[in-house]
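Welcome to a short tour of one protein structure. Have a look around it first, and then we will walk through it together.

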Amino acid sequence: MTTDHRLQQLFDEPIEQITVLDPGYSGHASDVWLVKTAAGECVVRSSRLKDAPTHEFWWGCYDLFGIDPRSMHHFAANAAMLGTIADIPAPRIHKHQLIEGREYLVVEKMNGQTFGSFATQSDAFLHQLGTWLARVHERRYDYYGNLAGDPIGRLESFHTHLARTMQQLVELDCTNDTKIKDQLDAMLHALDVLPVPAHFCPIFIDLDSSQFLMLRACCPRSWMLKLMR
């Protein structure tokens with residue numbers, strides 16, 4: 001079955017146009033399409049990964065937070081959480097469907113334009129972004145993990161788990177790099193004397209400017225499901 005036929009199963013109306021949204025670099029974890037029907041335009045996202053994460057970034061997310069980039073449940077849960085916070089426009093999830101063993105997520109297309117870099121934005125823009133991030137960080141939990149699944153661990157176990165993940169990442173990817181191994185020892189020592197966290201809050205582990213859209217009024221719109229990833 002072709003991609004066009006699979007995507008058509010997500011919509012009641014005939015698809016008029018499919019545009020591949022390519023970030024312009026290799027190794028991205030998701031396929032993303034802009035799909036147009038008579039009812040309007042939506043964004044469709046699906047993971048490109050078939051096997052468990054092995055790349056250092058995604059493996060670290062998987063080991064420490066239980067985030068599996070193959071599962072669209074994580075993206076749906078993140079968008080749902082953002083949608084409950086006042087004044088943070090987040091894309092609504094229209095449909096989550098399994099087709100031939102692959103998950104697809106149909107997401108609201110947000111209005112706005114991408115922009116280049118945080119560094120070139122106005123103080124007012126950055127203040128608004130900081131306000132939004134603060135509202136996300138106000139959500140507090142007594143466990144760490146992810147928003148879509150069961151807790152991975154509690155407050156008192158986080159530093160031990162983090163140390164183990166750091167050690168495994170170095171063993172997997174940096175076995176011959178003595179500078180990184182020496183730095184790891186220093187970081188593990190610093191981690192060992194930190195107090196137990198008072199609480200946990202949601203964080204954006206892969207935050208960059210490509211995840212936001214800007215309206216002409218210079219107000220960024222949150223795009224938790226990345227347009228170009």
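Let us begin at a small detail: just after helix H2, Gly66 takes a positive phi of about 70°. Please keep in mind throughout that this is a predicted model.

**Around helix H2**

Helix H2 spans residues 56–65. Its buried residues are Trp58, Trp59, Gly60, Cys61, Leu64 and Phe65. What do these buried residues of H2 pack against? Their partners are strand S6 (143–144) and helix H5.

**His161 in helix H5**

Helix H5 covers residues 158–173, and His161 is found in it. Is His161 buried or exposed? His161 counts as buried because its relative accessibility is 8%, and the cut-off for buried is under 20%. The side chain of His161 makes a polar contact, at 2.8 Å, with the side chain of Tyr144. Once neighbours within four places in sequence are set aside, His161 is in contact with Asp63, Leu64, Tyr144 and Ile152. One of these, Leu64, is also on the list of buried residues of H2.

**A pocket lined by H2 and H5**

The second largest pocket holds about 190 Å³ of space. Helices H2 and H5 are the elements that give two or more residues to the lining of this pocket. The lining has 13 residues, and those that lie nearest the centre of the pocket are Glu56, Phe57, Gly60, Thr165 and Leu169. Which classes make up this lining? Nine residues are nonpolar, two are polar and two are charged. Gly60, named here, also appears among the buried residues of H2.

**Strands side by side**

Now for the strands. Strand S1 runs over residues 15–20 and is joined to S2. Strand S2 takes in residues 30–37 and pairs with S3, while strand S3 is made of residues 40–47. S3 in turn pairs with strand S5, residues 102–108. The table below gathers these pairings.

| Strands | Sense | Bridges |
|---|---|---|
| S1 and S2 | antiparallel | five bridges |
| S2 and S3 | antiparallel | eight bridges |
| S3 and S5 | antiparallel | four bridges |

You can follow the pairings residue by residue. Between S1 and S2, Val20 stands opposite Trp33 in S2. Moving on, Asp31 has Ser46 in S3 as its bridge partner, and Val32 is matched in the same way with Arg45 in S3. On the way to S5, Cys42 stands opposite Glu108 in that strand.

How many residues link S2 to S3 in the hairpin? The hairpin joins these strands through two residues. S2 is mostly covered, with six of its eight residues buried. S3 is mostly covered too, again with six of eight residues buried.

**Two loop residues with positive phi**

Gly66 opened our tour with a positive phi. Most residues other than glycine have a negative phi, so the next two residues deserve a look of their own.

Asp87 is not a glycine, yet its phi is positive, at about 70°. To find Asp87, look in the loop between helix H3 (72–83) and strand S4 (93–99). Asp87 counts as exposed because its relative accessibility is 59%, and exposed means over 50%.

Glu100 is the other example: its phi is near 50°, a positive value in a residue other than glycine. Glu100 lies in the loop between S4 and S5. Is Glu100 buried or exposed? With a relative accessible area of 55%, Glu100 is exposed.

**Stepping back**

Finally, let us take in the whole protein. The secondary structure comes to six helices and nine strands. The C-alpha atoms fill a box of roughly 60 × 45 × 30 Å, taken along the principal axes. Of the 229 residues, 41% count as buried. Among the contacts with a separation of 6 or more, 58% are between residues 24 or more positions apart. His161 and Tyr144, with their side-chain polar contact, make a good pair to find again in the model.

Methods: Residues are numbered from 1 along each chain as its sequence is written. This is a predicted model: local features need pLDDT of at least 70, side-chain atom pairs count only at pLDDT 80 or more; totals for chains, interfaces and linings use all residues. Side-chain values use heavy atoms; hydrogens and water are left out. Buried means under 20% relative accessible area, exposed over 50%, partly exposed in between (1.4 Å probe, protein chains only). A polar contact is a pair of N or O atoms within 3.5 Å; within protein, one must be able to donate a hydrogen and the other to accept it, and residues adjacent in sequence count only if both atoms are side-chain atoms. Contact means heavy atoms within 4.5 Å. Two strands pair if DSSP finds at least two bridges between them. On a 1 Å grid over the protein atoms alone, a cavity is a set of points where a 1.4 Å probe fits but cannot get out, and a pocket is an open set with protein on both sides within 12 Å along at least five of seven lines; lining residues have an atom within 4 Å of a point. Grid points are joined across faces, edges and corners, and a volume is the space filled by probe spheres set on the points. Ala, Val, Leu, Ile, Met, Phe, Trp, Tyr, Cys and Pro count as nonpolar, Asp, Glu, Lys and Arg as charged, and the others, Gly among them, as polar.
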